[in-house]
Amino acid sequence: MKHYSAFAVAREALRYHTGWERAWLSPEPKKKYDVIIVGAGGHGLATAYYLGKNYGIQNVAVIEKGWLGGGNTGRNTTIIRSNYLQDASAAIYEKARSLYEDLSQELNYNIMFSPRGVMMLAQTQHEIRGYQRTAHANALQGVQTEWITPERVKELVPIINIDGPRYPVLGALWQERGGTARHDAVAWGYARACSAMGMDIIQQCEVKGVRSENGRVVGVDTTKGSIDCDKLGMVVAGHSGQLAEMAGFRLPLEAIALQALVSEPIKPCMDVVVMANTVHGYMSQSDKGEMVIGGGTDAFNNYTQRGSFHHIEETVRALVETFPMISRLKMLRQWGGIVDMTGDRSPILSKTPLGGCFINCGWGTGGFKSIPGSGWGMAQLMATGHSPLTEAFTLDRFKEGRFIDESVAAGVAH
């Protein structure tokens with residue numbers, strides 16, 4: 001009997017039910033496109049989709065060195081929230097969150113968006129002041145969040161221990177309309193919609209060089225040959241620096257691994273997302289019953305996509321104090337993803353020193369939640385040369401000192 005991998009089964013089922021062939025079969029590239037997007041993750045596919053939907057630019061190729069959604073889009077822990085302190089951050093994340101709410105209907109593909117609510121625990125007096133400040137800022141920004149008491153936290157999450165010996169729960173910043181979505185489905189939904197518009201999604205196509213003439217991009221060299229374009233969008237989390245060097249400029253980034261793990265499946269016991277910055281761990285329960293657990297980035301730069309024992313120990317030790325019941329669970333699997341980190345922990349959506357070349361990177365550990373807003377703003381920037389959502393996130397801010405500091409204000413950066 002022939003055995004198939006889970007990925008192969010899902011792929012064939014998707015083909016059968018949707019008739020979607022183009023994106024999976026990776027057509028040979030045409031000689032020239034209006035736009036090439038490098039990176040077939042959520043951000044790249046969303047950019048291509050909104051270029052076609054909002055601006056009628058459909059002669060687009062999305063090229064990917066691996067497979068569709070195989071990078072950070074398929075490796076994250078699916079948290080969606082917009083309770084950021086800085087105005088520019090709150091604007092793009094809230095745009096993304098609002099687009100997520102209707103994305104299944106818009107794409108005619110179930111992304112399994114679950115507005116179950118996200119709470120960020122305050123476990124020190126400093127965090128109380130910080131989160132209350134964020135709640136006031138969110139009120140001015142039009143983002144619906146509120147400060148809730150420990151008793152309300154316990155009511156929403158009965159399995160939590162609010163009287164921990166080291167870090168008792170003193171309250172939380174609560175965003176009722178935050179939640180989760182199925183990360184693979186977001187990528188597949190956008191890809192299916194792009195394919196229906198006639199765009200080419202070309203997998204196993206690695207960029208080897210960026211060609212330019214008179215200071216303007218004219219195409220890329222790939223493992224499937226040279227492709228010409230009028231505009232180029234670089235959307236390759238984890239490897240943005242390498243691609244930028246091919247185009248002749250450098251980025252203020254560092255690449256770091258971010259790890260996560262899931263437990264064995266158990267009965268439903270937690271229907272919200274809980275983030276704890278003091279102990280640095282966060283947890284939610286998936287539709288399959290797994291407890292989805294993550295923490296901070298590695299302490300050193302690296303390009304690994306594997307987990308490591310020391311991070312499991314640190315993250316689980318932190319969460320066991322807050323959720324004693326998980327001490328009895330077995331780990332099902334763990335993994336890692338490569339994230340781009342900027343100095344101010346905010347992304348870069350910008351024109352570049354190379355004419356016609358645009359960059360979308362630096363989302364750090366919080367890229368998934370921003371996918372629709374990022375794609376919307378990036379498409380507007382590429383099509384018109386300007387976007388209100390991206391104007392604060394340019395490369396120029398690093399030499400001008402206009403930092404958008406979310407390293408502490410947003411709690412953890414996820």
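Is Arg 211 buried, partly exposed or exposed? In this predicted model, Arg 211 is partly exposed, its relative accessible area being 23%. Because the buried class ends under 20%, Arg 211 falls outside it with its value of 23%.

The side chain of Arg 211 takes part in a salt bridge with Asp 228, with 2.8 Å from N to O. Arg 211 belongs to strand E9 (residues 207-213) and Asp 228 to strand E11 (residues 225-234), so this contact ties together parts that are 17 residues apart in sequence. Asp 228 is likewise partly exposed, at a relative accessible area of 31%.

A second pair is found within a helix. Glu 155 and Arg 152 form a salt bridge whose closest N and O atoms are 3.0 Å apart. Both residues lie in helix H7 (residues 150-156), and because they are three residues apart there, about one helical turn separates them. Glu 155 is exposed, with 56% relative accessible area, whereas Arg 152 is partly exposed at 31%.

A third pair involves a buried residue. Glu 290 has a relative accessibility of 5% and therefore counts as buried. Its salt-bridge partner is Lys 288, and the closest N and O atoms of this pair are 3.9 Å apart. That separation lies within the 4 Å limit that defines a salt bridge.

Salt bridges also link residues into a network, which consists of Glu 94, Arg 97, Glu 101 and Arg 177. For the structure as a whole, the number of salt bridges is 16.

Key: Residues are numbered from 1 along each chain as its sequence is written. This is a predicted model: local features need pLDDT of at least 70, side-chain atom pairs count only at pLDDT 80 or more; totals for chains, interfaces and linings use all residues. Side-chain values use heavy atoms; hydrogens and water are left out. Helices (H or I, at least four residues) and strands (E, at least two) are DSSP runs, numbered from the N terminus. Buried means under 20% relative accessible area, exposed over 50%, partly exposed in between (1.4 Å probe, protein chains only).
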